[in-house]
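Biologist: Could you take me closely through one part of this model, namely the aromatic pairs, and tell me which residues form them and where they sit?

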Amino acid sequence: MATPVVANGPGKEENRGGGGSIGRPTNPMVTPLLTDLYQFTMAYAYWKAGKHNERAVFDLYFRKNPFGGEYTVFAGLDECIKLIANFKFTEDEIAFIQASLPPSCEIGFYNYLRGIDCSDVEIHAISEGFVVFPKIPLMRVEGPVAVVQLLETPLLNLVNYASLVATNAARHRFVAGKSKLLLEFGLRRAQGPDGGIGASKYCYMGGFDATSNVAAGQLFGIPLRGTHSHAFVSSFMSPDEIVEKSLKSFDGSSVCKDFVSSVQSWLSKLKRSQLLGGIFGETNQSEIAAFVSYALAFPQNFLALVDTYDVMRSGIPNFCAVALALNDLGYKAVGIRLDSGDLAYLSCETRKFFQGIEKEFKIAGFGKTSITASNDLNEETLDALNKQGHEVDAFGIGTHLVTCYAQPALGGVFKLVEINKQPRIKLSEDVSKVSIPCKKRSYRLYGKEGYPLVDIMTGENEPPPKVGERILCRHPFNESKRAYVVPQRVEELMKCFWPGQSGKVREELQPIKLIRERCINQLDLMRPDHMRRLNPTPYKVSVSAKLYDFIHFLWLNEAPVGELE
C-alpha cells in the first residue's frame, strides 16, 4: 500500500480544505522525470525570460472518441493527483537534468527546480469514471507556467491509456450485456508490468467483474478469478497417479475413502444414460485424473478447462462425472471453461448435456452449471456470439482488451488556453485541432427522459445554465450547427481536486469500487443510440453563444491576413 504523505510542503494540507493525506503514485516510476526533454528546455527558457511564474491555464482533453464509438470513460485522475501531491525533485534527479541540458544553462535554474512543487497549482477535473466527450476539458490545470508545463507529459501519460482501456472495457460490457460475468485475463499479453497492472485496474473500473492478475488484486482490492491451464490437464497420465483419494463431505459428517471410484461410477452411469448415451465412449483418462486431482484440492471451487482433448467426447463427460461425485458429498461444482472451437455451438451442446443430467438424475440446478468462454475474444466475437445464440455465462477476455488492439492510443492533448488572464488560442488548417480558448466551465444538460442531451462550455464568469431556461447551444466552429435546449437538469462537470492556494474545498479521491459504480451508472444514463457498436449517434458538444462569439473574434484577431499581389 502506498505511504500517505502530506501534500506538497509541510503543514499545507490543512489549508486545502480536504480531509486526509494523499498517497504516492502506484507506479514508483511516476516521478517528475517522467516527462519529455522539451518540457525542461521550455522550463529553462521560461525561467531565462523571467516568465516562469506567469499564471497559465492549460486544458487536458481529447479530440476524437476511440474505437469508432461516440463516448469515452475518463480514468487516471487519482494517479494524476497523487503525482501532483508528491511532485518534488530529488538531488539525483536535478543532477541528471543538469547533465542532460546544455552546459550553457545557468546554475540558478537548478536552484529554481529545487524549490518547486505543486503547492501553487490548481486542478479542476471531471470525476473519474464519468462518460466524457471530445473537446470538453477532462482537467483544467492552472499555475506557474513552467511548473504546469512540466506536468504536461506525465498527466497525459496517466490519463491516455487509463481512459482508453476503461472505455474498451465498457464497450465489451455493453456488447456482452449486464447479466454476463466478465473476467480480465490479459496480464501475460499486456505491454509490460505497468500495462498489465493498469489494464486490470481500469478494466475493473470500466465494468469487468474480476481479474486473473494477483498483484492488481492486492493493490486495488479487485476480485480474483482463475483455475487451471491445459498444462495441468496434460501433466497427468492416469488416475493411478492419485495417491490420496479420500474426500470429506461438505458438512464434515462423512468421508468418501475412494473419490476416484465414485467418479468412475458416475462416468459409467452417464455412458448408460438413455438421454446421454451415444454422445461419448471412452473418455481421456489423463484428463479425468487431472479433474479429480483438482476437485480434491478445491472441492468447493471446482471449475474445469474441458477442451484439452475433445470437449463433448471427453471434457464434458469427465467434468460431469466429477461434479456429480462432488454433489454426492454436498459440494456444488462451479462450472467449465471453453478455450477453443465453436464457442456458440459447444456452449449450447454443453448446456443440453447439463440439462439432460438434471432431468435424468434429478440433480436440481445442474442444468444451470456455469459455462465460461475464453480464446482471443473481442467486441466482434461477443457480438457474433450474441447473433448466433449461445449459452455462455462468463467471458474471459485478454489480449484484445488490455492491448486495446482495435486502437492503440486515445490521443489526449494539453493546450494553453490562458496566460496572465489573457485568453490564448491554437490555430490550425485542420479545424478539429483548433483549441477553445480561455478559462471555462462545463455543464451537462439533461432532457425530459433523463438522458444527457448536450455538454456545453461557457466562459468562467458567465452565469450557469438554469433548469427550465431556454439555452442556445452552438457548435464551436460550425456556425450552422446550433440548437435551443430547455434542460430538466443541469450538472456542472468539473470539480476542484487540487486547490493550490485558492482555499477551495478539495474533492476527496474515491476508492475504485465507488468509481466503478459511478462508471456503470454513467453508462446507464446514456441514450442507447449513443452507445451502440455500429453507427452510433454522435453526442453533441457545444459552447455558449457568448463563448462562440469570443472564439471567432480571437481566431480572426490571431490569424495572419494574407496579401494578394
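Modeller: What follows is a close look at two aromatic pairs and their surroundings. The model is a predicted one, and it holds 21 aromatic pairs. In one of them, Phe40 and Phe89 form a tilted pair, with 5.9 Å from centre to centre and 55 degrees between the planes. This pair links distant parts of the chain, since Phe40 belongs to helix H1 whereas Phe89 lies in the loop between helix H2 (77-85) and helix H3 (91-100), 49 residues apart. Phe40 counts as buried because its relative accessibility is 5%, under the 20% cut-off, and Phe89, with a relative accessible area of 7%, is buried as well.

Helix H1 also supplies Tyr44, which forms an edge-to-face pair with Phe109, the centres being 5.2 Å from each other and the planes standing at 90 degrees. Here too distant parts of the chain are linked, for Phe109 is in helix H4 (residues 107-115), and 65 residues separate Tyr44 from Phe109 along the chain. Tyr44, at 13% relative accessibility, counts as buried, and Phe109 is buried with a relative accessible area of 0%. Tyr44 and Phe109 further belong to a cluster, linked by ring pairs, that includes Trp47, Tyr110 and Tyr112.

Definitions and conventions: Residues numbered from 1 in each chain as written. Predicted model: local features only at pLDDT ≥ 70, side-chain atom pairs only at ≥ 80, totals over all residues. Heavy atoms only, no water. Phe/Tyr/Trp six-rings, centres within 6.5 Å; stacked < 30°, edge-to-face > 60°. Helix = DSSP H or I, 4+ residues; strand = E, 2+ residues; numbered from the N terminus. Buried < 20%, exposed > 50% of the residue type's maximum accessible area, 1.4 Å probe, protein only.
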